[in-house]
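This report describes a single protein chain, moving from its overall contacts to selected local features. Please read it alongside the sequence and coordinates shown below.

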Amino acid sequence: MLRCVLLVAALSSVLMGCGGSSTDNSTKPKPDENGGTKAKSRYAEGIYLLSLAQDEGDFIRGNDGYSQYVGVGFALDLYPSQQELQASVKQVGKTTADWYNINAKANQLSAFDNNIKVNFCSRDGLGKCTIEQSSIERGDTWLTPLSNAHRAQLQANQFADNIEPLFTDKGFTMRVNDNPQLSALLIQVKARPLTAALMTSLLPSQWETPSAYGSRLDYDMYKFTRDGSAPVQLTASMTDAQGNPQCIAVGAVSAKQGLIMHFDLKINDSESVPCQQYLQQQGASAELVRAIISNQTIKIGFIEDAKGEDIMAINHLAGAHPVGGAGLLTKQH
């Protein structure tokens, strides 16, 4: 059954340019002063962190007392009135973790045009799962404001070492399943614009997943490089028990949309067989192996940290599979 933590990050708008911002408004569209329809923003543009709740009292906690599910999502305003939300979330600290992939599209000028789709993998007692999909087209019946109690829990949550995100006052709750009733809690964090200074600081740089969020079946190391005037290149790899890189995937930036960069990654032919062997040794399903050695996509943005350091937020997908862990990484100095 679907149990998820939704971490949603909001994107910026126009391709290769700068986007505006949207407001967090949970009311129905109303006539504006000129007799037209006032826009209704469901997914305020920005980057979000998520957790999963079974009721109004608390989010789902792990043995350490903190959120058992962590993830990142991106929301984007598209012209002329469309909004999109994409997020992935996983159980933290588990190699064979439950995961959830959420994609929502909404029309700001319609009270009912809000389509939510969820792909998820919830494991049975034998540790196996079948990817399932639920499609929810119910207008806004599954969207509610983020309660003060849930907001306080998210802001008080202890993340992995060296991750202390700064929060905004925007957030909402998305019910993702009726039986059992589960809701994703989304709270927006302060994001870094992709300024020239930030881009310069990335070249070169290396970012790694905190050990508390690591898994042998997730990518946990990302390197930015650039050769002369060529596009920025990203190299992603998993790390085996001996500290060696596995399933190395490489690709160049394909687009930049305000707050995020898009990359298309691919494993080199020479890496394909060793990668498949590594994944099989780790107990990966045949479906996951096929997805990883095929084309991969990744969205990247940056979050402000309380200590002044940047946190890299990612949504890394191989087919329907999120393969970037909890989606939060820190820069290695």
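## Overall organisation

Among the contacts in the protein chain with a separation of 6 or more, 61% are between residues 24 or more positions apart. The model is a predicted one. Its secondary structure comprises four helices and 18 strands. Of the 333 residues of the protein chain, 51% count as buried.

## Packing of α3 and α4

Helix α3 spans residues 269-281 and helix α4 spans residues 286-293; the two pack at an angle of about 150°, and their axes are 10 Å apart. The arrangement is therefore roughly antiparallel, since angles over 145 degrees are assigned to that class. The crossing of α3 past α4 is right-handed. On the α3 side, the residues that meet α4 are Ser272, Cys275, Gln276, Leu279 and Gln280, and their counterparts in α4 are Val289, Ile292 and Ile293. Sorted by character, the residues of this contact comprise five nonpolar, three polar and no charged.

The buried residues of α3 are Ser272, Cys275, Tyr278 and Leu279. They pack against β12 (233-239), β13 and β14 as well as α4. After α3 comes Gly283, which has a positive phi near 85°.

## Strands β12, β13 and β14

Ala236 is located in strand β12. With a relative accessibility of 0%, Ala236 counts as buried. The C-alpha atoms of Ala236 and Tyr222 are 4.5 Å apart, although 14 residues separate the two in sequence. Beyond its neighbours within four places in sequence, Ala236 contacts Tyr219, Met221, Tyr222, Cys247, Ile248, Ala249, Leu265 and His316.

Cys247, one of those contacts of Ala236, belongs to strand β13 (residues 245-257). Its relative accessibility is 1%, so Cys247 counts as buried. The phi of Cys247 is near 55°, a positive value in a residue other than glycine. Strand β14 (residues 260-267) contains His262, which counts as buried at 14% relative accessibility. Which residue is joined to His262 by a side-chain polar contact of 2.3 Å? The partner is Gln257. Not counting residues up to four places away in sequence, His262 touches Ala252, Val253, Ser254, Ala255, Gln257, Ile298 and Lys299.

## The loop between α1 and β8

Asn157 and Asn162 are both found in the loop that runs between α1 and β8. Is Asn157 buried or exposed? Asn157 has a relative accessible area of 9% and is therefore buried. Asn162, by contrast, is exposed, with a relative accessible area of 53%. The helix before this loop, α1, covers 148-156, and the strand after the loop, β8, covers 167-178.

Leaving aside neighbours within four places in sequence, Asn157 is in contact with Phe59, Tyr66 and Ser67. A polar atom of the Asn157 side chain lies 2.9 Å from the backbone nitrogen of Ser67. Asn157 and Ser51 are 106 residues apart along the chain, and 9.7 Å separates their C-alpha atoms.

## Backbone geometry

Most residues other than glycine have a negative phi, and most peptide bonds are trans. Two residues other than glycine with positive phi are described here: Asn162, with a value near 70°, and Cys247, with a value near 55°. Asn162 occupies a loop, whereas Cys247 occupies a strand. The two also contrast in accessibility, as Asn162 is exposed and Cys247 is buried.

The peptide bond from Leu203 to Pro204 is cis, its omega being near -10°. Pro204 is placed in the loop between α2 (196-201) and β10 (205-208).

## Strand β1

Strand β1 covers residues 46-53 and includes Ile47. The relative accessible area of Ile47 is 0%, and this residue is buried. Ile47 and Gly73 are 26 residues apart in sequence, while their C-alpha atoms are 6.2 Å apart in space.

Conventions: Residues are numbered from 1 along each chain as its sequence is written. This is a predicted model: local features need pLDDT of at least 70, side-chain atom pairs count only at pLDDT 80 or more; totals for chains, interfaces and linings use all residues. Side-chain values use heavy atoms; hydrogens and water are left out. Axes are lines fitted to C-alpha atoms, for helices over the stretch in contact, and angles run from 0 to 180 degrees between N-to-C directions. Angles under 35 degrees count as roughly parallel, over 145 as roughly antiparallel, 65 to 115 as roughly perpendicular and the rest as oblique. A crossing is left-handed if the near helix is turned anticlockwise from the far one by less than a right angle, and right-handed if clockwise. Contact means heavy atoms within 4.5 Å. Ala, Val, Leu, Ile, Met, Phe, Trp, Tyr, Cys and Pro count as nonpolar, Asp, Glu, Lys and Arg as charged, and the others, Gly among them, as polar. Buried means under 20% relative accessible area, exposed over 50%, partly exposed in between (1.4 Å probe, protein chains only). A polar contact is a pair of N or O atoms within 3.5 Å; within protein, one must be able to donate a hydrogen and the other to accept it, and residues adjacent in sequence count only if both atoms are side-chain atoms.
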